[in-house]
Amino acid sequence: MADALFESLLRLGDNALILGHRVSEWCGHAPVLEEDIALANTALDLLGQTNLWLEYAGEVEGKGRSADDLAFLRDAWDFRNVLLVELPNGDFGQTILRQYLYDQFNLMNLEALKGSTDTRVSEIAEKAAKEAAYHVERSRGTVVGLGDGTEESHRRMQDALNILYPYALELFITDEVDAEMAKAGIIPDPKSLEDTYLAAVGATISEATLELPQAHFGHRGSGRDGRMHTEHLGHILTQMQWLQRAYPGQSW
Amino acid sequence: MYAQMVKSTGTGVKSLDEMEPEERAFQEKVDADIRIEARDWMPEGYRKTLIRQIGQHAHSEIVGQLPEGNWITRAPTLERKMILLAKVQDEAGHGLYLYSAAETLGVTRDEMTEMLLSGKMKYSSIFNYPTLTWADIGAVGWLVDGAAIMNQVPLQRTSYGPYSRAMIRICKEESFHQRQGYDIMMKMAKGSEAQKRMAQDALNRFWYPSLMMFGPSDANSVHSEQSMAWKIKINSNDELRRKFVDQTVPQAEYLGLTVPDDTLAWNEEKGGYDFAEPDWDEFFDVLKGAGPANHDRLEARKTAWDDGAWVRDGLTAHAEKKRTAKVAAE
């Protein structure tokens with residue numbers, strides 16, 4: 001049980017960590033000042049969630065690893081995030097669509113986690129769900145605005161959707177870890193959220209006047225079980241972990 | 001301080017007797033510390049100088065995201081990363097307050113942005129220096145924000161109401177910024193040999209550029225007199241620079257770091273430090289665009305603006321469609 005919980009907490013924490021990293025890359029480069037502020041705020045919330053999930057993961061593991069140890073001292077094969085969050089930012093449209101596809105899932109998942117039989121999980125979800133509700137409102141509104149904006153913004157959003165939508169479906173590739181957590185009432189099986197998620201995304205995409213591509217997640221193995229990642233993850237870690245690796249054991 | 005060498009458009013400071021009744025009434029309000037508001041009459045030179053000054057300050061907040069943003073993805077712990085993100089987010093927020101204050105003077109944010117990108121408006125010289133190691137993030141908070149606070153605290157009492165109110169909000173957040181910078185320096189200065197070396201190196205590189213933030217010495221500060229009469233500049237450049245040195249030297253000593261100035265000495269008689277002037281030729285070079293990071297900073301802002309055009313256009317077009325649909329439905 002502890003092993004499955006540890007794995008599941010890494011899935012939650014690593015998604016937030018890697019997406020937070022990607023979003024933070026926008027700092028100072030956004031299309032408009034309000035977006036600089038909103039993106040920094042989103043990254044900040046995601047890193048706050050990372051800290052809570054990974055701290056708990058370290059405790060569950062019981063080997064004395066802190067949230068920082070888990071974030072800064074694991075290599076790519078030990079990361080449990082979905083591939084969607086590793087993908088490069090692309091243009092702003094790709095960034096905001098990726099954000100929406102994640103936010104929509106994150107909010108539904110956190111809402112379900114509020115009822116977890118594990119009080120620590122439900123407490124973290126309680127706090128994080130408030131942030132996620134705001135994130136989805138913003139990313140959804142921006143996706144709709146850009147999809148139904150100019151010809152160029154529409155085209156760019158459709159391109160982004162064609163690239164990203166298959167990756168969103170990885171969120172529902174499940175395994176025995178999910179089954180064990182669902183059985184214990186700790187974390188819902190992602191599959192149980194799939195229909196509502198697809199309906200919500202479908203509604204947003206149609207309001208944005210975009211078309212959902214026919215797609216499936218084509219990889220064998222998933223970031224969720226660590227059997228698959230993109231080449232991008234290694235580069236993210238190279239940057240993120242550099243100081244900790246170059247000057248091990250220091251206090252910062 | 002994020003405004004340096006702001007060109008004042010006044011034609012020398014007039015006495016009250018030389019002024020027309022409108023201007024005289026304006027100056028009397030300023031003298032009596034009554035705030036000037038957007039709708040009030042004001043001399044054209046006052047308005048133009050304020051736009052330059054507030055605009056320069058706003059641009060500095062925006063460009064200032066870049067040297068710090070340079071370390072967000074490499075921050076050494078989750079906590080440090082979050083603190084840095086919060087700080088940079090604050091800075092973008094400061095930019096927003098300041099652009100809004102400037103807009104009350106009849107210029108749009110987009111116009112000011114275009115002037116920044118075309119080089120007609122400046123931002124503080126300090127952001128043309130690179131952040132090379134993690135200790136630089138400490139030094140930026142400690143020294144750069146420290147110098148900014150030194151200037152911004154008196155500006156809370158500036159004569160123009162919207163500017164004064166923006167400064168009050170900004171000052172509340174700046175002291176947290178400076179503390180987090182000093183906290184990073186503490187960790188580094190008390191850390192391993194490599195960390196100490198980084199801390200000393202950061203102080204070496206940021207000391208003189210920080211002193212330059214106050215602008216040239218009073219003798220060469222040609223626009224100060226009118227700005228001080230208008231109370232959009234409260235203290236002289238040298239006065240603030242001295243205050244900054246007096247405050248910062250003991251902090252450096254506490255950290256066990258050496259200020260890179262052989263002439264630095266306590267002067268009992270004046271109750272302050274004697275210290276070396278920065279290299280003013282370097283300062284003017286940096287202002288003219290020849291600093292180590294000028295090109296990178298401006299290119300980054302141009303790229304953000306150009307690449308973001310389709311986003312701004314798209315969102316504007318969507319808002320317009322919604323407005324039209326709403327009107328049609330009514």
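Here a colleague asks a modeller how some labels in this predicted model were reached.

Colleague: Why is B:Gln53 called buried?

Modeller: Its relative accessible area is 4%. Buried means under 20%, so B:Gln53 is called buried. B:Gln53 is found in helix α2 of chain B, residues 44-63.

Colleague: What makes the pair of B:Gln53 and B:Tyr163 a polar contact?

Modeller: Their side chains come to 3.2 Å. The cut-off for a pair of N or O atoms is 3.5 Å. The pair of B:Gln53 and B:Tyr163 therefore counts as a polar contact.

Colleague: Why is the pair of B:Trp266 and B:Tyr273 called edge-to-face?

Modeller: Take the centres, then the planes. The ring centres are 5.0 Å apart, and rings pair if their centres lie within 6.5 Å. The planes stand at 80°. Planes over 60 degrees apart count as edge-to-face, so that is the label for B:Trp266 and B:Tyr273.

Colleague: Is each of these two rings' residues buried or partly exposed?

Modeller: B:Tyr273 has a relative accessible area of 12%. That is under 20%, so B:Tyr273 is buried. B:Trp266 has 45%. That falls between 20% and 50%, so B:Trp266 is partly exposed. Over all chains, the count is 19 aromatic pairs. Ring pairs also link A:Trp242, A:Tyr247, A:Trp252, B:Trp71 and B:Trp134 into a cluster.

Colleague: How do you know that B:Asp183 and B:Arg80 form a salt bridge?

Modeller: The N to O distance between their side chains is 3.1 Å. The limit is 4 Å, so the pair of B:Asp183 and B:Arg80 qualifies. B:Asp183 lies in helix α7 of chain B and B:Arg80 in helix α4 of chain B, so the bridge ties together parts 103 residues apart in sequence. B:Arg80 is buried, at 8%, whereas B:Asp183 is partly exposed, at 37%.

Colleague: Where in the sequence do B:Glu28 and B:Arg24 lie?

Modeller: Both are in helix α1 of chain B, residues 21-31. They are four residues apart, about one turn of the helix. Their closest N and O atoms are 3.1 Å apart, in a salt bridge.

Colleague: What makes A:Glu207 and A:Arg140 a tie between separate parts of chain A?

Modeller: A:Glu207 lies in helix α8 and A:Arg140 in helix α5, so the pair joins parts 67 residues apart in sequence. Their closest N and O atoms are 3.0 Å apart, in a salt bridge. By the rule, there are 38 salt bridges over all chains.

Colleague: How many salt bridges are there between chain B and chain A?

Modeller: The count is two. B:Arg109 forms a salt bridge with A:Glu34, with the closest N and O atoms 2.5 Å apart. The cut-off is 4 Å, so B:Arg109 and A:Glu34 meet the rule. The interface also has 14 residue pairs in polar contact. Helix α4 of chain B gives the most to the side that touches chain A, with 13 residues. By class, that side has 25 nonpolar, twelve polar and nine charged residues.

Colleague: What area is buried between chain B and chain A?

Modeller: About 4,000 Å², with 69% of it from carbon and sulfur atoms. B:Thr73, B:Leu78 and B:Trp310 supply 20% of the area that chain B buries against chain A, more than any other three residues. The contact takes 46 residues from chain B and 49 residues from chain A.

Terms used: Residues numbered from 1 in each chain as written. Chains lettered and ligands numbered in written order. Predicted model: local features only at pLDDT ≥ 70, side-chain atom pairs only at ≥ 80, totals over all residues. Heavy atoms only, no water. Contact = heavy atoms within 4.5 Å. Buried area = accessible area lost by both parts, 1.4 Å probe. Polar contact = N/O pair within 3.5 Å; in protein donor to acceptor, adjacent residues only side chain to side chain. Helix = DSSP H or I, 4+ residues; strand = E, 2+ residues; numbered from the N terminus. Nonpolar A, V, L, I, M, F, W, Y, C, P; charged D, E, K, R; others polar. Buried < 20%, exposed > 50% of the residue type's maximum accessible area, 1.4 Å probe, protein only. Phe/Tyr/Trp six-rings, centres within 6.5 Å; stacked < 30°, edge-to-face > 60°.
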